[in-house]
Amino acid sequence: MDDETEELQIVCPLCSEEHSYRLAVDRSYVLYHMTSAMMDSKPTYKRFKRIFTCPAKNEHFQAVVRLEESFGTIINDVKVVPDDIA
Ligand SMILES: [Zn+2]
C-alpha cells in the first residue's frame, strides 16, 4: 500500500491567491469480483476536510478536498504534504 501524491490547486480564502499543495493519497485497490456489482454506478467522490497553510500569510485555513474513487479503488486517507519537505 503505497501513498500516491497528487497536486492540488486551492484558491486561498486568506489572500485570494492560488496555491498548489501536494496530497499524499492512501488508496486501496479492491479485487474486481468484489466490486463488479458497482460497474454501472457513477464515480463516487469522497470529501476530506484538511488544514492547509497559506505560504503568503503563514496562516492556516480549512478546505474540503474532493477526490474521485475510481472503479476498484478505495481512498482511505489524504494527508497534506508540507511544502518544506521537498
Ligand atoms: Zn494564501
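## Reading strands, turns and exposure

Guide: Let us start with a strand pair: E2 and strand E5 (residues 73-81) run antiparallel and are joined by eight bridges. Keep in mind as we go that this is a predicted model.

Visitor: Thanks! Which residue in E5 is the bridge partner of leucine 23?

Guide: A bridge partner is a good anchor for reading a pair of strands. Leucine 23 has valine 80 as its bridge partner in E5. You can then look for another pair: valine 25 stands opposite valine 78, again in E5.

Visitor: How many bridges join strand E1 to strand E2?

Guide: Nine bridges join strand E1 (residues 3-11) to strand E2 (residues 18-29), and the two run antiparallel. To find your place there, take threonine 5, whose bridge partner in E2 is alanine 24.

Visitor: What order do the strands take in the open sheet?

Guide: To read a sheet, list its strands by neighbour. Here the order is E1-E2-E5, an open sheet of three strands with antiparallel pairing. E1 and E5 each have a single partner strand and stand at the edges, so one side of each has no neighbour in the sheet. Ignoring direction, neighbouring strands of this sheet are turned by 35° against each other on average.

Visitor: Now the overall plan, please. How many helices and strands does the protein have?

Guide: The protein has one helix and five strands. Read from the N terminus on, its elements run β-β-α-β-β-β.

Visitor: Where do E3 and E4 come in, and over how many bridges do they pair?

Guide: Strand E3 (residues 44-54) pairs with strand E4 (residues 59-69) in the antiparallel sense, over 11 bridges. One marker to look for is threonine 53, which stands opposite histidine 60 in E4.

Visitor: How should I read a phi value in a turn?

Guide: The general idea is about sign: most residues other than glycine have a negative phi. Now the case here: E1 and E2 form a hairpin with six residues between them, and serine 16 in its turn has a positive phi of about 65°. That is a positive value in a residue other than glycine.

Visitor: Which residue takes a positive phi in the hairpin of E3 and E4?

Guide: That is asparagine 58, with a phi near 55°, in a hairpin that has four residues between the strands. Asparagine 58 is not a glycine either.

Visitor: Are these turn residues buried or exposed?

Guide: Exposure is read by counting neighbours: 12 or fewer other C-beta atoms within 10 Å makes a residue exposed. Serine 16, in the loop between E1 and E2, has 8 other C-beta atoms within 10 Å and is therefore exposed. Asparagine 58 lies in the loop between E3 and E4, and asparagine 58 is exposed because it also has 8 other C-beta atoms within 10 Å.

Visitor: How far apart are the C-alpha atoms of serine 16 and cysteine 54?

Guide: They are separated by 10.0 Å, with their positions 38 residues apart along the chain.

Visitor: What about residues inside the strands, such as isoleucine 74 in E5?

Guide: With 13 C-beta neighbours inside 10 Å, isoleucine 74 counts as partly exposed. Leaving aside residues up to four places away in sequence, isoleucine 74 touches Arg27, Ser28, Val30 and Glu69. Its C-alpha atom is 6.4 Å from that of tyrosine 29, although the two are 45 residues apart along the chain.

Visitor: And which residues does alanine 63 touch?

Guide: Alanine 63 lies in strand E4 and touches Ile10, Arg50 and Phe52, again not counting residues up to four places away in sequence. Alanine 63 is partly exposed, with 16 other C-beta atoms within 10 Å. From alanine 63 to phenylalanine 52, 11 residues apart in sequence, the C-alpha distance is 7.1 Å.

Visitor: What share of the 86 residues is buried?

Guide: A residue needs 20 or more other C-beta atoms within 10 Å to count as buried. Buried residues make up 1% of the 86 residues in the protein.

Visitor: And what share of the contacts comes from residues 24 or more positions apart?

Guide: Among contacts with a separation of 6 or more, such residues account for 58% in the protein.

Conventions: Residues are numbered from 1 along each chain as its sequence is written. This is a predicted model: local features need pLDDT of at least 70, side-chain atom pairs count only at pLDDT 80 or more; totals for chains, interfaces and linings use all residues. Two strands pair if DSSP finds at least two bridges between them. Two residues are in contact if their C-beta atoms, placed from the backbone, lie within 7 Å. Axes are lines fitted to C-alpha atoms, for helices over the stretch in contact, and angles run from 0 to 180 degrees between N-to-C directions.
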